[in-house]
Amino acid sequence: MLLLALFVLYAAALSIALARAGVRSGPLGPNETASRRRPAKVLILGATGGTGRELVAQALQRGYTVTALVRDPSKLRIEHPQLKVIRGDVLDASSVEAAVRDQDAVLSALGHKRYFSPTRTLSKGTGNVVRAMESHGVQRFVCETSLGIGDSTGRMGLYYTLFVIPVILPLYYWDKTRQERAIAASKLDWVITRPAALNNRARRGKYRHGFDVGRFLWTVRISRADVADFMLNQLTMDTYLRTAPGVCW
Ligand SMILES: NC(=O)c1ccc[n+]([C@@H]2O[C@H](COP(=O)([O-])OP(=O)(O)OC[C@H]3O[C@@H](n4cnc5c(N)ncnc54)[C@H](OP(=O)(O)O)[C@@H]3O)[C@@H](O)[C@H]2O)c1
């Protein structure tokens, strides 16, 4: 009983820390609903991952010229005349710098599965991206993080809040809060996208987004294909500029 009480106390303390450390979105300004000029060239990070592959495929369908920065080009398995693949690592500032140069916008779906060791991959990699964007004047950055941090704390549902995040993902989520802060501290035109639990189902094109999505009790979901759809929409919409909307079915 005592152990259970201590665990609940730990989970609650972690939730409070994630809430305070992650980004909190201010209200949408009245002038932030206009549509902006469409970028032509986009860089996609995490392109060999689930969301990243969807981003590449859908960006090409939408007519963008796409560059993918990947560690292993053979994992991408997409070929297209408008797709350029660069081998690199987000932890290597020079490869990020080379990939960011000449782009109009950057989309990131970075992630990894090394949950149980201390990590700074997301925050350090994203820091490199932010610095390269600022130095090359590339303004628009759309980055996928997750529901469950900042002002979305608890919105992954009780199973995540009381088990998955405190037991499996505390170090990973902590790095996501640092990642969000690195973005929010920048001068970029950023949109942080916080999805619910991800699956690989087909794109519906209909989903909920905003600051009150997700459920405190049960876990809601969304497909990686729909997350990619929402992220690509953020290239040309200013509605969520410098905020962190959630997205779920
Ligand atoms: N799973 C969920 O239910 C869920 C829910 C909400 C949010 N999220 C978040 O959503 C994001 C995307 O998740 P996902 O499952 O679609 O992605 P994923 O399959 O985990 O892919 C992650 C991508 O990041 C790349 N990457 C990792 N470290 C890198 C490095 N140092 N340099 C360059 N690329 C690197 C990976 O490349 P390699 O192929 O080379 O490893 C891969 O392409 C993640 O941040 C995840 O935490 C997940």
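A residue counts as buried when 20 or more other C-beta atoms lie within 10 Å of its own, as exposed when there are 12 or fewer, and as partly exposed in between. Keep that rule at hand for this tour of a predicted model.

**Stop 1: Arg 120**

Select Arg 120, which sits in the loop between strand E4 (105–108) and H4. Arg 120 has 15 C-beta neighbours inside 10 Å, so this residue is partly exposed. Now add Tyr 172 to the selection. The two residues are 52 apart along the chain, yet their C-alpha atoms are separated by 8.4 Å.

**Stop 2: the whole chain**

Zoom out and show the cartoon. You should find 7 helices and 10 strands in the protein chain. The radius of gyration is 18 Å, close to the 18 Å that the globule rule gives for 249 residues, so the chain is as compact as a globular protein of that length. Along the principal axes, the C-alpha atoms fill a box of roughly 60 × 40 × 35 Å. Of the 249 residues, 43% count as buried. Look also at how the chain meets itself: among contacts between residues at least 6 apart in sequence, 78% join residues at least 24 apart.

**Stop 3: Leu 18**

Next, pick Leu 18 in helix H1 (residues 2–21). Is Leu 18 buried or exposed? Leu 18 has 23 other C-beta atoms within 10 Å, so it is buried. To see what surrounds this side chain, select Gly 148, Ile 149, Thr 153, Tyr 173 and Thr 177; Leu 18 touches each of these, leaving aside residues up to four places away in sequence. Then include Arg 155, which is 137 residues from Leu 18 along the chain, with 12 Å between the two C-alpha atoms.

**Stop 4: H3 against H4**

Two packed helices are described by the angle between their axes and the distance between the axes. Show helix H3 (residues 93–100) with helix H4 (residues 121–136): they pack at an angle of about 45 degrees, and their axes are 9 Å apart. That angle makes H3 oblique to H4. The crossing of H3 past H4 is right-handed.

Which residues of H3 and H4 meet? On the H3 side, display Ala 93, Val 96, Glu 97 and Val 100; on the H4 side, display Asn 128, Val 129, Ala 132, Met 133 and His 136. By class, this contact has 6 nonpolar, 2 polar and 1 charged residues.

**Stop 5: H2 against H7**

Move on to helix H2 (residues 50–61) and H7, whose axes come within 8 Å and cross at roughly 55 degrees. H2 and H7 are therefore oblique to each other, and their crossing is right-handed. From H2, select Gly 50, Thr 51, Glu 54, Leu 55, Gln 58 and Ala 59; from H7, add Arg 224, Ala 225, Val 227, Ala 228, Asp 229, Met 231 and Leu 232, and you have the residues that make the contact. They divide into 7 nonpolar, 3 polar and 3 charged.

**Stop 6: two arginines with positive phi**

Most residues other than glycine have a negative phi. Finish with two that do not follow this pattern. Arg 77 has a positive phi of about 55 degrees and lies in the loop between strand E2 (65–70) and strand E3 (83–87). With 8 C-beta neighbours inside 10 Å, Arg 77 is exposed.

Arg 242 also has a positive phi, near 55 degrees. Look for this residue in the loop between helix H7 (224–233) and strand E10 (246–248). Arg 242 has 19 C-beta neighbours inside 10 Å, so it counts as partly exposed.

Note on methods
Residues are numbered from 1 along each chain as its sequence is written. This is a predicted model: local features need pLDDT of at least 70, side-chain atom pairs count only at pLDDT 80 or more; totals for chains, interfaces and linings use all residues. Helices (H or I, at least four residues) and strands (E, at least two) are DSSP runs, numbered from the N terminus. The radius of gyration is taken over C-alpha atoms; the globule rule is 2.2 Å times the number of residues to the power 0.38. Two residues are in contact if their C-beta atoms, placed from the backbone, lie within 7 Å. Axes are lines fitted to C-alpha atoms, for helices over the stretch in contact, and angles run from 0 to 180 degrees between N-to-C directions. Angles under 35 degrees count as roughly parallel, over 145 as roughly antiparallel, 65 to 115 as roughly perpendicular and the rest as oblique. A crossing is left-handed if the near helix is turned anticlockwise from the far one by less than a right angle, and right-handed if clockwise. Ala, Val, Leu, Ile, Met, Phe, Trp, Tyr, Cys and Pro count as nonpolar, Asp, Glu, Lys and Arg as charged, and the others, Gly among them, as polar.
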